[in-house]
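Me: Please take a close look at one part of this model for me. Then work outward from there, and keep it brisk.

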Amino acid sequence: MSNLKKTNILKFIYQLTFVCLFNLLFLNNLSAQSFEIKGRVVDSIQDFELANATIFAETQSDSTLISYTVTDQKGEFVLTGKTKEEKINLVVSYTSFSNHYQEIDVSEKIIDVGTIRLQEATELLDDVLVKTRVAPVVLKTDTLEFNSKSFRTRENANLEDVLKQLPGVEVDAQGNIKVNGQDVSRVLINGKEFFGDDPKIATKNLPKEIIDKIQVVDTKTREEQFTGKEAESEDKTINITIEEDKNKGFFSRASAGHGTNDRYDVSGIANYFENEKRISVLASTNNINSSGFSFDEVFDALGRSAFGLDLEGGNSGITTSRNVGGNYVDEWEDGKYDLVADYFFGGTDTENRSSVIRENILPDRSFFTNTETDSRVRNDSHRASARLEINLDSMTRITYEPRVNINISESLNNSFSENAEANGDLINTVETSNVQDNIRSDFQNRLSLTRKFGDKGSYVTARINAQNNRQDNENIFFSERTIFNTNEVDLQDQLIDVQANDDQYSTRLSYRQNLKENLFLDMRYDLELRRYENRRNVFDFDATTSNYSDFNENLSNEFKATSNIHTPTVGLRYESEKIRTGGRIGLLNANLNTDNLTQNLSFDNSFNAFSANAFLYYKFTRSKSLWFNYRNNANIPSVQQLQPVEIVTNPANIIVGNPDLSPSFNQTFRLSFRNYDFKTRSGYNLFASVTHISDQVVPVLFTNEDLVRTTTYTNVNGAMRGNVYAGYNNTLDTEGDDVMRYNIGLSGNFNRNIGFSNEVKFTSDIYTVSPSVSFTYERPDVFQINPKVQLNYNNTAYDIFSNRNEDFTNTELGLQSTLFWPKNFTFGNDLSYYRFGNVSDAFDSTSLMWNMSLGYQFLDDRATLKLIVYDLLKQNIATRRVTGEDFIQDVNQLILQRYAMLSFTYKFSRFGGMDGAPNTNKGGGRYYRR
């Protein structure tokens, strides 16, 4: 299909979409009338202004919410909305106060209700509490809480569907979550982890029908939670509370699908709840690049990891996966003992092929490398972890955390590359074959004791950690390098056996003393001891014995390295409701000893570095804040970078370390400002970060006339990187259940790289600018439309070889649409158009990706039969351009293409002794719009 035809198809679809959207918006607002209600909320005793009280309007007929807002710091509010009703109910809600109800005649357009005085709810009877309206949003001192049932979604929705309806919450196509511009790093269920640290397993599998509240809080470590220390992380955590009557029972889903080209997808998950106990198991297998644990009613069989194109190439290849996991959570004796444990097996078999056209830039010329690679990798991993907390009393906690990770892999990699001058003259070719078997085992044990004292937040913590890593790698390596100028042919046919042991032991002592109200003294001492052993034995192939028996002393190496790092720090910290600020200074002292047993060579390195940290967090309001942070840190060079020994695994690139390296010193400044207005349901966030690097360890490259490179390392000053981001999101007023929202984003990145090529120092500056716009229009249980536009402008300026510039623009257009009509049917389409700028003529530079799904629900919505078509037009490609400090390359890789699949999904649940049929919320349930 030609690029012109792809563009015309997409243009027609976009024009049709916007015509439909315009007509829907016009008809939607034709009969609705706008209203504005303003007033002030105080308590009934002292007339004290009640900030962050929730104000919402609902219909009188069925209590469906029309609009909502919150009061400002003066207790004032302005509630706007649209409705076809002449009279509506106004409800005012505030924690610990009884609700206020008032009938409003919206025909007056602008209504001033004056001052509303709320009465404390301490004497409300239980039957009155049952009838009290639940506010859709509650703003507390340190928690933003949403009532799940208040936000309408389609039937059979999961947690991710609910999150997409919440004000200020963004969920991208990969399932990553932001709240008011801040990343969500964890999702908890009743305060406990759900399958470790991956939030997506919870968001894609937890059904809405069991969710009560969705709480957004600052991400805290377990130590911070226990001691009451304010969070140091700027990330957010989402905690899901389960409805009390649903907290005893189970829910499960299973799905099986088979398609063309022998594509298949089988998965299942089961969860059992009994108060504090939770048991979850899951399993899956597929060959469609899917994680296997998404039960999205529309696109799950497409595998969101394969859905759309990762511009970084992360979705290349075709992967067959096998996964089994289990999670257990429980506590005993009223929380004295608390256990979280999980096990996960993951197996993958990935086939990949790639073509790379690379321009390598030298001080006086450039040359080109064309590489063809095919690989097959099989990997099996076993991960198990647990956390046992023992609360000896309310002031003392012991925590034990074991962790095991065993990884077994087999790989076959074949490549052929040719290096040529800019005029096309061939200089050399390299053909390699690589067969590897690798076993890696990681064992970690951590034990900590925390003791609080006093009642002002003082505490002491002692922690010890032991980590033991073992790796055994066997590699049969063959290479043939031909140099045409001299007709020289170099052969390597070797068995490379590498054994590595890495033992790390560390301890941390932390002490916090409350000096006066909100002011704390923090002291900490870290000690890290490490012993690293590496034995690399290389055996050349002996033709006389037909075996790898000829020991190669020049390429073999055995060394031992030991290090000890001492880091004492001291700091002050001030914590109040509005302000958190503080600073910390310390000294890093590192001693590294390396013994090269093969060459009978020893060398010692000692490093000292000053460390400092300072931050300021100011909360103007519950949803408006400023964050500034300064941090520096030192990075010690790796053993490979320090060791003066030749490594010739790649015959075209020989590596030699430099024992005179110094640690690099990074200084990072971060600034962010976030503001979300619940009155208008709109918000913006700004972020900027700059890192300056002194003594950065960089490669020093020397390329000879045969284009064979030798790499060593040195320290340089002047490297830096920075990034900025600005985002704005808004939810528009609509009538009825319709939802309209849009997001605008602009990001920029800058990287200054410094290096050496053939004894010439060079600098490359890389700039990227990425504007994006997305829009959502949704009528629950009817349809949803999501268009998106994103541009990625890239510019790289080199001061090497004629001060050349390289710039290109990647374009991404997307359109998702889902139709939930007629009843029980779901019809989904997802189109993505990509245009990659300045890609080599040897590769296709455009892609029009179209995924389609048609599903039917039956058996009381327990069962779903679905037909999906992935890459309908067979136009999916994996092409991209990448620029680096001294190269420009185009890459094309194998990628999953068109197939069709028919799947069947069945779900079953039972809570509190009752059959848990999907909760359709019929018969009086109240839905609120975002």
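**The second largest pocket and beyond**

Reply: The second largest pocket holds about 720 Å³ of space. Its lining counts 36 residues, and D142, T143, V217, D218 and K236 are the closest to its centre. Keep in mind that this is a predicted model.

Which strands build the lining of the second largest pocket? Five strands each supply at least two of its residues: β12 (182-189), β14 (211-218), β15 (236-242), β30 (601-621) and β31. The largest share is that of β14, with four residues. V217 and D218, two of the residues closest to the centre, fall within the span of β14. K236 falls within the span of β15.

Now follow β31 away from the pocket. The whole structure contains 21 aromatic pairs. One of them joins Y630 to F669. Their ring centres lie 4.9 Å apart, with 45 degrees between the planes, and the pair is tilted. Where do the two rings sit along the chain? Y630 belongs to β31 (residues 624-635) and F669 to strand β34 (residues 664-677), so this contact ties together parts that are 39 residues apart in sequence. Are the two rings buried or exposed? Y630 counts as buried, at 15% relative accessibility. F669 counts as partly exposed, at 39%.

A second tilted pair makes a useful companion. F750 and Y767 have ring centres 4.9 Å apart, and their planes meet at 40 degrees. Why does that angle make the pair tilted? Planes under 30 degrees apart would count as stacked and planes over 60 as edge-to-face, so an angle between those limits is tilted. F750 sits in strand β39 (residues 739-757) and Y767 in strand β40 (residues 760-779), so here the parts tied together are 17 residues apart in sequence. F750 counts as buried at 18% relative accessibility. Y767 counts as partly exposed at 36%.

Ring pairs also make a cluster. Its members are Y618, F620, F673 and Y684.

Charges sit over rings too. The charged end of R358 lies over the ring of F887, at 3.9 Å from its centre. R512 lies over the face of F520, and the distance to the ring centre is 4.3 Å.

R512 has another role in the strand pairing. Across from R512, in β26, stands D522. That opposite pair is part of a longer antiparallel arrangement: β25 and strand β26 (residues 519-542) are joined by 22 bridges. The β25-β26 hairpin has two residues between its strands, and N518 there takes a positive phi near 70 degrees.

On its other link, strand β25 (residues 488-516) pairs with strand β24 (residues 458-483). This pairing is antiparallel as well, over 25 bridges. R470 faces N501 of β25. β24 and β25 also form a hairpin, with four residues between them. In its turn, N487 has a positive phi of about 55 degrees.

Last, two open sheets. One has three strands in the order β4-β1-β7, with mixed pairing. Which strands stand at its edges? They are β4 (76-83) and β7 (110-118); each has a single partner strand, so one side of each has no neighbour in the sheet. From one strand to the next, the twist averages 25 degrees. Strand β1 (residues 33-43) and β7 run parallel, joined by eight bridges. V41 has I116 of β7 as its bridge partner.

The other open sheet has four strands, ordered β3-β2-β5-β6, with antiparallel pairing. Its edge strands, β3 (65-70) and β6 (100-105), each pair on one side only. With direction ignored, neighbouring strands here are turned by 20 degrees against each other on average. Strand β2 (residues 54-59) and strand β5 (residues 87-93) run antiparallel, with six bridges between them. T59 finds its bridge partner in I88 of β5.

To return to the start: β31 helps line the second largest pocket, and β31 also carries Y630, whose partner F669 lies in β34.

Notes:
Residues are numbered from 1 along each chain as its sequence is written. This is a predicted model: local features need pLDDT of at least 70, side-chain atom pairs count only at pLDDT 80 or more; totals for chains, interfaces and linings use all residues. Side-chain values use heavy atoms; hydrogens and water are left out. Rings of Phe, Tyr and Trp (its six-membered ring) pair if their centres lie within 6.5 Å; planes under 30 degrees apart count as stacked, over 60 as edge-to-face and the rest as tilted. Buried means under 20% relative accessible area, exposed over 50%, partly exposed in between (1.4 Å probe, protein chains only). A charge sits over a ring if NZ of Lys or CZ of Arg is within 6 Å of the ring centre and within 35 degrees of the ring normal. Two strands pair if DSSP finds at least two bridges between them. Axes are lines fitted to C-alpha atoms, for helices over the stretch in contact, and angles run from 0 to 180 degrees between N-to-C directions. On a 1 Å grid over the protein atoms alone, a cavity is a set of points where a 1.4 Å probe fits but cannot get out, and a pocket is an open set with protein on both sides within 12 Å along at least five of seven lines; lining residues have an atom within 4 Å of a point. Grid points are joined across faces, edges and corners, and a volume is the space filled by probe spheres set on the points.
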